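Trainee: I have a model open and would like to go through the terms used for it. Could you help me set each label against its cut-off?

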Amino acid sequence: MIMVSVVQGGNQEMREYYESQGVNKINVFASTYRGNLDITQELYDYCLTMPELVMGVTPSSTTWGTVRYQTVNCDNNEDMGSPQIYLGSDQFSICNSYEIEKGRDLSYLDIQKYQKVVVLGSKLADYMFQAQNPVGKTISIGGVNFEVVGVYKAKGGDAGGSYEWMYNYSNYMAVVPYTANRYMSDKSWATEFTVKARNSAATTEAITRIGGFLAGVVPQNQGDYQVYTEDTWREESESQNQMMSMILGGIAGISLLVGGIGIMNIMLVTVTE
């Protein structure tokens, strides 16, 4: 019972983690071999034409840069390492199931006007500001000053478990407008995107439509694109865990059989004596 319960508990943790990261997410990758393709605005506009299928779309590319607030250097965090910096749109929180706890989220005007604003994950905000309110403060990312306009609510992980470090890592992050890459050291175009479908049925159709859209945008023999959903990885992980549960259940069954034979023999000898 203990062995099987451990596996079932792991399965439950895994499901809760995937649910916290958001369901019905579609991952999109598009790039040319020369790296000169920018489809951000085109993909954004295309997804707006099918509101019955798509709730939001955002770049999910990351960039690098030392994050500082006064004397606090976030790269010196021994437990978490360097924070992840995302280049996102005003729909980043919708696509990745984040909720605002303090301040506000990124807005459409922030994107269009190349504003130097940032929304912090809960762990990063706690590490940098302790008990202070981060909203309105100015931090440095890669030597560029950004104003903190909001803080995301923490995602799970408080109860511990094998997925706690993943929760912590997803909270130790910052999101800046994707148009802010012109101020950062990394001035490359976004190549990775996240699309949030309305439900599982809409996910399948949205994947088909987005794939057809990319086929007409990415030049043949000059680039590559992929459209897939994280549900595939979740299903494979659940399948592996179910297989492990069956194996451990079989081992437990054999142990019970061997133990039962041993007890039966002892009882037989005792009665005989």
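Trainee: Why is Phe129 called buried?
Mentor: Buried means under 20% relative accessible area, exposed over 50% and partly exposed in between, with a 1.4 Å probe and protein chains only. Phe129 has a relative accessible area of 1%, so Phe129 is buried. Tyr69, at 7%, is buried as well.
Mentor: A word on the source: this is a predicted model, where local features need pLDDT of at least 70, side-chain atom pairs count only at pLDDT 80 or more, and totals for chains, interfaces and linings use all residues. Residues are numbered from 1 along each chain as its sequence is written, and side-chain values use heavy atoms, with hydrogens and water left out.

Trainee: What makes Tyr69 and Phe129 an aromatic pair that is tilted?
Mentor: Rings of Phe, Tyr and Trp (its six-membered ring) pair if their centres lie within 6.5 Å; planes under 30 degrees apart count as stacked, over 60 as edge-to-face and the rest as tilted. A search of the whole structure finds seven aromatic pairs. For Tyr69 and Phe129 the values are 4.4 Å centre to centre and 45° between the planes, which fits tilted. This pair links distant parts of the chain, 60 residues apart, with Tyr69 in strand E4 (residues 67-69) and Phe129 in helix H5 (residues 122-129). Helices (H or I, at least four residues) and strands (E, at least two) are DSSP runs, numbered from the N terminus.

Trainee: Why is the pair of Tyr98 and Tyr152 tilted?
Mentor: Their ring centres are 4.8 Å apart and the planes stand at 35°, so this pair is tilted. Tyr98 lies in the loop between helix H3 (92-96) and strand E7 (100-103), and Tyr152 in strand E10 (residues 144-152), so the pair ties together parts 54 residues apart in sequence. Both Tyr98 and Tyr152 are buried, and ring pairs link them with Tyr86 and Phe92 into a cluster.

Trainee: How do you know that Lys155 lies over the face of Tyr98?
Mentor: A charge sits over a ring if NZ of Lys or CZ of Arg is within 6 Å of the ring centre and within 35 degrees of the ring normal. Lys155 lies over the face of Tyr98 at 4.0 Å from the ring centre. Arg182 lies over the face of Tyr114, at 3.8 Å from the ring centre.

Trainee: Why is strand E11 described as largely enclosed?
Mentor: Five of the five residues of E11 (residues 173-177) are buried, so E11 is largely enclosed by the rest of the structure.

Trainee: What makes strand E6 and E11 a pair?
Mentor: Two strands pair if DSSP finds at least two bridges between them. Five bridges join E6 (residues 84-88) to E11, and the two run parallel. Ile85 stands opposite Ala174 in E11. Strand E8 (residues 117-120) is joined to E11 by two bridges and runs antiparallel, with Val119 having Val175 as its bridge partner in E11.

Trainee: Why does Gln70 count as exposed?
Mentor: Gln70 has 65% relative accessibility, so Gln70 counts as exposed. Gln70 is found in the loop between E4 and strand E5 (72-73), and its phi is near 55°, a positive value in a residue other than glycine. Gln130 is exposed too, with a relative accessible area of 59%. Gln130 is in the loop between H5 and strand E9 (138-141) and has a positive phi of about 55° although it is not a glycine.
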